[in-house]
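Let's take a walk through a protein together. Have a look at the picture below, and we'll go from the whole chain down to a couple of single residues.

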Amino acid sequence: MAGRWIGMMLSVCLWLGLWAGPLWAQSNTVNYNSTELSGRDLSQTDFQGTTFVNANLREADFHSSDLRGAVLTKGILTRANLRGANLSSALVDRVNLTEADLTNAILVDATLTRTSLQNTAITGADFTDAILDRIAVIDLCQRAAGVNPVTGVDTRESLGCP
């Protein structure tokens, strides 16, 4: 009887860990779709799983923010400060990051497709296993330098630069 009770408790704990955890995490995410946040100080903030679809984030300050798993699509982040931000596993699709600062940012497993990265500062950024357009990689490799202070990964190596 005790073995059966322990088995049931383990099953409940497993169910809570696998199913209830992700449901709880999703219910706590915030939606900033189609918002005007240009020039705002959003630094050192936890934005895990947050969506910023079609948001105006021009010159916004996200330095040292946690944007893991965030969705940033069709957004404007021109001259945004993402210095030291963690964008691991983030979806960054059709975003204007022209002249943004990604110095020491972590973009591990991030997807950056159809995204403008002209004149973006990337010294020390870690792009390990990130998905980028081939032309973007060629452009980024021309100015890639430094080592990420958190991950210890060389920017050129993370981009696969020759």
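Accessible areas here come from the Shrake-Rupley method with a 1.4 Å probe. By that reckoning, the protein chain exposes about 8,900 Å², and carbon and sulfur atoms supply 56% of it. Keep in mind that you're looking at a predicted model.

Now for the overall layout. The secondary structure of the protein chain comes to 3 helices and 4 strands. Follow the sequence along and you'll meet them in the pattern α-β-β-β-β-α-α. Of the chain's 162 residues, 39% count as buried. And if you take the contacts between residues at least 6 apart in sequence, 9% of them join residues at least 24 apart.

Time to zoom in. Find Thr78, which sits in the loop between strand E1 (71-73) and strand E2 (91-93). Is Thr78 buried or exposed? Buried means under 20% relative accessible area. Thr78 has 9% relative accessibility, so it counts as buried. Who does Thr78 touch, leaving aside residues up to four places away in sequence? The answer is Arg58, Glu59, Asn96 and Thr98.

Next, hop over to Asp61, in the loop between helix H1 (2-27) and E1. Again skipping residues up to four places away in sequence, Asp61 touches Arg40, Asp41, Leu42, Ser43 and Asn81. You can also check a distance here: Asp61 and Leu77 are 16 residues apart along the chain, and their C-alpha atoms are separated by 9.7 Å.

Definitions and conventions
Residues are numbered from 1 along each chain as its sequence is written. This is a predicted model: local features need pLDDT of at least 70, side-chain atom pairs count only at pLDDT 80 or more; totals for chains, interfaces and linings use all residues. Side-chain values use heavy atoms; hydrogens and water are left out. Helices (H or I, at least four residues) and strands (E, at least two) are DSSP runs, numbered from the N terminus. Buried means under 20% relative accessible area, exposed over 50%, partly exposed in between (1.4 Å probe, protein chains only). Contact means heavy atoms within 4.5 Å.
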